[in-house]
Amino acid sequence: MNRIDELFLRKQKSVLSVYFTAGYPELTDTALIISGLEQAGADLIEIGFPFSDPVADGPVIQASSHQALINGMNLDILFDQLRKIKETSRIPKIMMGYFNTVYQFKVDRFINHCVECGIDGVIIPDLPPELYEKDYRLLFESAGIHFICLVAPQTSPDRAKYVASLSRGFIYLLTSSSTTGNNYSPGINLPHPLIPSPALRSARGRGVMPALIGFGIHDQETFEMACRHANGAIIGTGFIRHLSANLSRQGEEQLSKYSRQQQINTLCENFVNQIRG
Amino acid sequence: MNKSRFTPDADGYYGEFGGAYIPEMLVPNITELRDNYLRIIESEEFRNEFHELLRDYSGRPTPLYFAKRLSEKYHTNVYLKREDLNHTGAHKINNTIGQVLLAEKLGKKRIIAETGAGQHGVATATVCALKGLECVVYMGALDVDRQAPNVIKMKMLGATVVPVESGNKTLKDATNEAMRDWINHPDDTYYIIGSVVGPHPYPDLVSRLQSVISDEISVQLNARIGRAYPDYVMACVGGGSNAAGGFYAFLDNPAVKLIGAEAAGLGVNTSKTAATLALGQTGILHGSKSKLIQDQYGQVIEPYSISAGLDYPGVGPLHSYLQAIGRCTYIPVTDQEALDAAMELTRLEGIIPALESAHALALLPKLNWNPGEEMVIILSGRGDKDMDTYSKYFDHESH
Ligand SMILES: Cc1ncc(COP(=O)(O)O)c(C=O)c1O
């Protein structure tokens, strides 16, 4: 069974999914961050593969993607890194990135690599459901890789139903139409954008499909707010900020791999504890 | 505005190119536009308003000027389609007049745009002043420096100019930022894209609005030589809007050879180039599938051209298609060739062209035409904005 489905069978509340950009801050941090988040008690990990022109992202993820590319990250390297931890890492994993990088890698080859490397789902924000359905749905579904679709507050109820019918694993509900990283200041925008709009409600109307809320979730308060309306939430920018603030680029103090893992473990633990309160 | 096999299918594809690769946040806006643009721009009311503004505000029809001394030099008949004589100095205003009318009819209150050379930014700021609409223009920080006069104009026209510091700080980055703005303003904002790029329906919308260029050429040539089409139409290609507009009426006529000039920068074999159709692979950028300069992993390679308006790693999907089916030929032109062609036109005809347009002029010595053939070159804009670059070049030449 796909591990995302396993997760939601086991746990329907307060599911925490954390996004990070592969190759940031350092090229070789990928496995260390995955392990750190897994130990810290995250439920799901979204591994962002960087693109030069991330139009759906705000400045923080833009900067992490840019640095990851400078560090030399690409899909070959990333899949190698993931293959190495396939046996040891059990947490469900999602790959998230822009369509052009997948398209150049070739979609079927990308899917095969996902299967080989223990990936459970894929999010490609700029591959619309219609195009996915027409050209790629069969490939994903026959490989058992979940394609996860987004629903925005402006998505019409009919469309939301359609999108939800294609989505596998869960539905990604956006708090607002926004690029990533626009924080909601409690009391002003919250809880308003998180009150399920008609579109969001009908997207989930089938009852069976879990939903996670993302974009702008960054602390305990916003996480709890999201958890009241869905099965949990996704945090990206907030985690990247936390990484940038607490984890140096290696520079002068070349840490051993062991002590960098320690550092990352502590940082992930602090982060997850902060969010879960 | 006729339908042909050169209009996209219902999903926005020209052959394999085009489409709408957009995140869910943009779907409501793009769907609204897609479902309404043809109905609106083909309505009598729209057409009347559009053509009245083109005539009385922008000064259309622009002349088709027979360039006598240039023709003598090249032993052929060269006509210049004088888009440089439009209000604001380039063809870009054909598009912004059309799109601002469309935005009004869709009830939008806030206009955003990207700009490279600043011509599209100025043309957008101009129509926003005309209509009393809020206007925000995204412009790469490098372009803010190299096209300073246009920045001053946009500000004077009341637009907010946002310098974009990401990437190469040029047109691609400005387009990213405009798309991000649109994602963040899903209700009140209309994005006036500046070329035949972006998700469907933009490439078709902008092609149709710019097709006034070739419609006029037809009429003007007919009056002049008794034939409604030339042997060649030549245009520079950044995103490809002046070329699309200049080619449009002739696409179905195989007797007309259509040639685009791409910016080769320092040369197609160098890393400093923007010759997308010579070097690009099929990929997805800014919402459509087209040729794209990228590495093997699909990372977009930062382009380079002396001309800000051509400094773009992609190209409109229509052009990728026209190249693929062999209908049009695209030829790379270097910075130096463009500068030389700009100087030549200035000294032979007393017309200082925009650096972008100079790329089209530089095609003349590269083609093997037959004597007596009729060549139309789209002079997409005037050189006022480029005086800084030109003066550096002349200082350099005189040493
Ligand atoms: C004068 C002029 N010509 C051409 C272009 C290139 O655009 P397009 O290829 O869309 O005509 C620009 C763009 O800024 C321009 O200002």
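**Ligand shell and interface in a two-chain model**

Modeller: At least two residues of the shell around the ligand come from each of β9 (232-237) and α11 (241-247) of chain B, where helices (H or I, at least four residues) and strands (E, at least two) are DSSP runs numbered from the N terminus. The model is predicted, with local features requiring pLDDT of at least 70 and side-chain atom pairs pLDDT 80 or more, while totals for chains, interfaces and linings use all residues. Residues are numbered from 1 along each chain as its sequence is written, chains are lettered from A and ligands numbered from 1 in the order written, and side-chain values use heavy atoms, without hydrogens or water.

Colleague: Which residues come nearest to the ligand?

Modeller: Ser195(B), Gly238(B), Gly240(B), Ser241(B) and Ser380(B), out of 18 residues around the ligand; a residue counts as near if one of its heavy atoms lies within 4 Å. The shell divides into five nonpolar, 11 polar and two charged residues.

Colleague: What makes the approach of Ser195(B) to the ligand a polar contact?

Modeller: A polar side-chain atom of Ser195(B) is 2.5 Å from a ligand oxygen, and a polar contact is a pair of N or O atoms within 3.5 Å, so the pair qualifies. Polar backbone atoms of Gly240(B), at 2.7 Å, and Gly239(B), at 3.3 Å, also lie by an oxygen atom of the ligand. The protein covers 98% of the 390 Å² of accessible area that the ligand has on its own (Shrake-Rupley method, 1.4 Å probe).

Colleague: How do you know that Lys172(B) and Asp53(A) form a salt bridge?

Modeller: Their closest N and O atoms are 2.7 Å apart. The rule asks for a side-chain nitrogen of Lys or Arg within 4 Å of a carboxyl oxygen of Asp or Glu, so the pair meets it. Across the interface of chain B and chain A, two salt bridges are found, together with 19 residue pairs in polar contact, both residues at pLDDT 80 or more.

Colleague: Which element of chain B gives the largest share of the side that touches chain A?

Modeller: The largest share, eight residues, comes from α8(B). By type, that side holds 16 nonpolar, 10 polar and eight charged residues.

Colleague: Why is Lys11(A) with Asp43(A) said to tie parts together?

Modeller: The closest N and O atoms of this salt bridge are 3.1 Å apart. Lys11(A) sits in the loop between α1 (3-10) and β1 (15-21) of chain A, and Asp43(A) in the loop between α2 (30-40) and β2 (44-48) of chain A, so the pair links parts 32 residues apart in sequence.

Key: Polar contact = N/O pair within 3.5 Å; in protein donor to acceptor, adjacent residues only side chain to side chain. Nonpolar A, V, L, I, M, F, W, Y, C, P; charged D, E, K, R; others polar.
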